[in-house]
Amino acid sequence: MEQAEVHNYLRRFFLAGGAELLQSTPSTLDVQLNKTLDLELMNRPFYWHYLEKTSGEPKPLKLNLSTDIRADTPSAEKVHFGSPRLHQIFSSAADKGAVTRLYENHHEKKQTALYPWLGLNVRISYTCHRRRDIIRSFGIQLISGETIDLFMKRLAPLPLVSAIPDYTFTMAHLIQPMSAVQRIKKYLLNDIRNQKHAWASEATNRMEDDLALLDRFYETPDKENDDAYSLEKEAIRQQYQPAIELTFINGGIFYLRKDSY
């Protein structure tokens, strides 16, 4: 996810949550939170508890955010992939909208079939001594099994509604949603296996260098039974050990016309 995508995601999140955008530039956001978002994001339980007891007037906080990590903006909180604030917002969004069901709208007065798709947003975390997160979206048609990448990008221009429109009917799915999730997982794992992971080799080499340095520092005959040595060795392994984590953020069933994909 590029910084421009992070910025657009933040705008959509705050607008959907009912916040007021006081100022919005290509790299900054000044946001007046409402009570709900203040409760979720600002970690002020004692303040809100006090207001409940005293029946005081709530005063939600403002957020000054910057998605330009190179800009000299000391008054703004930097938000980027991997930052605590963005993960907090992801968690809030996931709690609010983990699952949805939407239908493609149309204005033709004739019977139109809508085909079922399962769409999933997945966060891929590449972790070692550093962390890099990528969000990808996948769709699988629950009749043919066709699987496509960048599914949410395809959905973006479509008029989607929460109730089935007039003059439409839904096709029954042949593939169960949980089976489709496993297919997407298999598709993604195969894609990851086919990638080159230079970052993992680099992390492994650095881990071996640090372990060798640790061995030279503990030049004792019985260092394997030395508690301090064992703890430091395990800490180095945990710091550098390459890992790839998959997290399903949210998803849903989308009923689309045949010519929409």
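Q: How many residues does the largest nonpolar core have?
A: In this predicted model, the largest nonpolar core has 22 residues. Leu118 and Leu142 have the most contacts inside it.

Q: Which elements give two or more residues to this core?
A: Three strands and two helices do: strand E6 (112-127), strand E7 (131-141), strand E11 (243-256), helix H6 (177-193) and helix H7 (198-217).

Q: And which one gives the most?
A: E6, with six residues.

Q: Which domains does this core draw at least three residues from?
A: Domain 2 (102-196 + 245-256) and domain 3 (198-241) each supply at least three.

Q: Back to Leu118. What does it touch, leaving out residues up to four places away in sequence?
A: Among its contacts are Phe138, Gly139, Ile140 and Leu142. Leu118 also touches Pro177, Ala180, Val181 and Ile184, as well as Gly252 and Ile253.

Q: What lies apart from the largest core?
A: Another core, of 20 residues. Leu10, Leu29, Val79 and Ile89 are among them.

Q: Why do nonpolar side chains end up together like that?
A: As a general tendency, in soluble globular proteins nonpolar side chains are buried together.

Q: How much of the protein chain is buried?
A: Buried residues are 37% of the 261 in the chain.

Q: What about the exposed area?
A: The protein chain exposes about 15,800 Å², and carbon and sulfur atoms supply 52% of that.

Q: New topic. How is the chain divided into domains?
A: Domain 1 covers 3-97, domain 2 covers 102-196 + 245-256, and domain 3 covers 198-241. Domain 2 is thus written as two segments.

Q: How far apart are domain 1 and domain 3?
A: Their C-alpha centres lie 40 Å apart.

Q: What is the radius of gyration of the whole chain?
A: The protein chain has 24 Å, whereas a compact globule of 261 residues would have one near 18 Å. The C-alpha trace spans about 85 × 55 × 35 Å along its principal axes.

Q: How many helices and strands are there?
A: Eight helices and eleven strands.

Q: What is the strand order in the open sheet of four strands?
A: The order is E1-E2-E3-E4, and the pairing is mixed.

Q: Which are the edge strands?
A: Strand E1 (20-24) and strand E4 (77-78), each of which pairs on one side only.

Q: How do E3 and E4 run, parallel or antiparallel?
A: Strand E3 (residues 62-66) and E4 run parallel, joined by two bridges. Leu65 has Glu77 in E4 as its bridge partner.

Methods: Residues numbered from 1 in each chain as written. Predicted model: local features only at pLDDT ≥ 70, side-chain atom pairs only at ≥ 80, totals over all residues. Heavy atoms only, no water. Core = buried A, V, L, I, M, F, W, Y, C linked by side-chain atoms within 4.5 Å. Buried < 20%, exposed > 50% of the residue type's maximum accessible area, 1.4 Å probe, protein only. Domains from an automatic or database assignment. Contact = heavy atoms within 4.5 Å. Rg over C-alpha atoms; globule rule 2.2 N^0.38 Å. Areas by Shrake-Rupley, 256 points an atom, 1.4 Å probe, with all protein chains shown as cover. Pairing = 2+ DSSP bridges.
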